[in-house]
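Colleague: Before we discuss this model, could you show it to me, and then explain what each descriptive term rests on?

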Protein chains: 2
Amino acid sequence: MSEPSSSDAYEETRPFRVRSSTAEWAAAILRQRVTQGGLLPGSRLVEDELTAELEVSRNTLREAFRLLGHERLLEHKLNRGVYVRVLSPADVADIYRVRRMIEGSAVRRPDQDPIALTALRDAVADAERAAAASRWLDVGTADLRYHQIIASLNGSQRVNAMMAQLLAELRLVFHTMDPRALHAPFLPRNRELLTLLESGRTAEAEDLLATYLDEAERLLLAAYAQARTS
Amino acid sequence: MSEPSSSDAYEETRPFRVRSSTAEWAAAILRQRVTQGGLLPGSRLVEDELTAELEVSRNTLREAFRLLGHERLLEHKLNRGVYVRVLSPADVADIYRVRRMIEGSAVRRPDQDPIALTALRDAVADAERAAAASRWLDVGTADLRYHQIIASLNGSQRVNAMMAQLLAELRLVFHTMDPRALHAPFLPRNRELLTLLESGRTAEAEDLLATYLDEAERLLLAAYAQARTS
DNA sequence: TCTTATCAGATTGTTCAACAATACTTATAT
DNA sequence: ATATAAGTATTGTTGAACAATCTGATAAGA
């Protein structure tokens, strides 16, 4: 346990409790720990420990568990406790199936928001900058942002929410493997896809994205299988 | 792992409450009321009344509220209570945007599960039978089942879940309008789309579905706007 | 030795009662 | 009539309590 467990650490975020409910506040902290890798997949979340640490009641903490369970970040086993979700290879395959659908549908659209294209350029630039400095975690963050923006080209709030949840799930897998091997191969392709989108060549963009996602899935599954056996 | 086989028969006869959590049991009841139209959009769900009626504690009921809130069936306003969701025209448009993506992606696939095609035939037959008997609510149910099966052609568990949630939301709108005017126009098209799928003419199926969904959205928005003003 | 049974400890599931915080309603004053 | 203020109802949160279930260790039996 490398982080300070005193309540002082949360003093800064306390004001948010006034606006949102305490349960959502607790959920936000746990969500951050899970997506940032502070809590690894398979970890058990014990009620007693967390109520003491977050200084909320058991009932409130359980409401937070429910919220994160519905986001598929936590797994609730009846009478056995709550665990950080462990994704199976089938889950990874399923996630990429949905990504192909969402992102494929996005790049296929002829009318594309110039604001989104600008945001894509920023994300690519951030990723390249982080890669040059070997900050691979930041590369990963920028990459996820890039694909979230791609999804937003669909122009649907619900699709945005689905994609955000999907990428949060993917993060669970990322933390069990080497971020460099994971993200480096796709940096040039993100830029390539961007130029295709900018020039409106949707058919080529669709092709590139399809092979992109297929390869990413293959790479991820291979590395994932290896990490789980070792 | 040796369990007495006699417990199987025992479990079957026991109330559902024993196997899943009480919160999920309560959520199931409320979900049914909302989707079946027993609780209309905008209705307020008061904690005191429901704890008395369902005979569960406030905490458990609130857990159920959270579950249904995440399914977008209930809306939770801080300090102001829980309401059955009221969909805006923008929500309806958004839902159809997602439907176009999901169902479009589904019919575009060349390899289609024969089991799903059989299920589609059943759904169409059920709808036509119900229509002949003027049981329009049943027509609606069969129609939703039809489109859920279409979505399942994507072969993704997550897409199935998204679609189920989407159709549950749509049901909220359906209950405020005449089911016959809503479903009658699309009966023959469901069959037409089915024959196209059976013969593998995916391009034509995609076209038909696109115009189908566009028209359904237009019809729904028009009728919805009218129902809300009267 | 291996399996099965039993039991105590720990953890979760659920309820209840209380109080605080907030929103809503009514009454009062200007 | 509008604005302000008090009072009421409802939700938000807590803590304690007990029941139900799981876990692991120990004891009993084959």
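**Terms and the values behind them**

Modeller: In chain A, 3 strands form an open sheet in the order 1-3-2, with antiparallel pairing. Strand 1 and strand 2 of chain A stand at the edges, each with a single partner strand, so one side of each has no neighbour in the sheet. This is a predicted model, in which local features need pLDDT of at least 70 and side-chain atom pairs count only at pLDDT 80 or more, while totals for chains, interfaces and linings use all residues. Residues are numbered from 1 along each chain as its sequence is written, chains are lettered from A and ligands numbered from 1 in the order in which they are written, and side-chain values use heavy atoms, with hydrogens and water left out.

Colleague: How do you know that strand 2 of chain A is joined to strand 3 of chain A?

Modeller: Two strands pair if DSSP finds at least two bridges between them, strands being DSSP runs (E, at least two residues) and helices likewise (H or I, at least four), numbered from the N terminus. Strand 2 (residues 74-77) and strand 3 (residues 81-84) of chain A run antiparallel and are joined by 4 bridges, so the criterion of at least two is met. Glu75(A) stands opposite Tyr83(A) of strand 3, and in the hairpin, with 3 residues between the strands, Asn79(A) has a positive phi near 65°.

Colleague: What makes strand 1 of chain A a partner of strand 3 of chain A?

Modeller: There are 2 bridges between these antiparallel strands, which satisfies the requirement of at least two. Arg44(A) stands opposite Tyr83(A) in strand 3 of chain A.

Colleague: Why is helix 3 of chain A called roughly perpendicular to helix 4 of chain A?

Modeller: The angle between helix 3 (residues 47-54) and helix 4 of chain A is about 105°, with the axes 10 Å apart. Axes are lines fitted to C-alpha atoms, for helices over the stretch in contact, and angles run from 0 to 180 degrees between N-to-C directions. Angles of 65 to 115 degrees count as roughly perpendicular (under 35 is roughly parallel, over 145 roughly antiparallel, the rest oblique), and therefore the two helices are roughly perpendicular. Among the residues making the contact (heavy atoms within 4.5 Å) are Leu50(A) of helix 3 and Phe65(A) of helix 4.

Colleague: What makes the approach of Thr22(B) to DNA strand C a polar contact?

Modeller: A polar contact is a pair of N or O atoms within 3.5 Å (within protein, one must be able to donate a hydrogen and the other to accept it, and residues adjacent in sequence count only if both atoms are side-chain atoms). A polar side-chain atom of Thr22(B) lies 2.5 Å from a phosphate oxygen of DNA strand C, so the pair qualifies.
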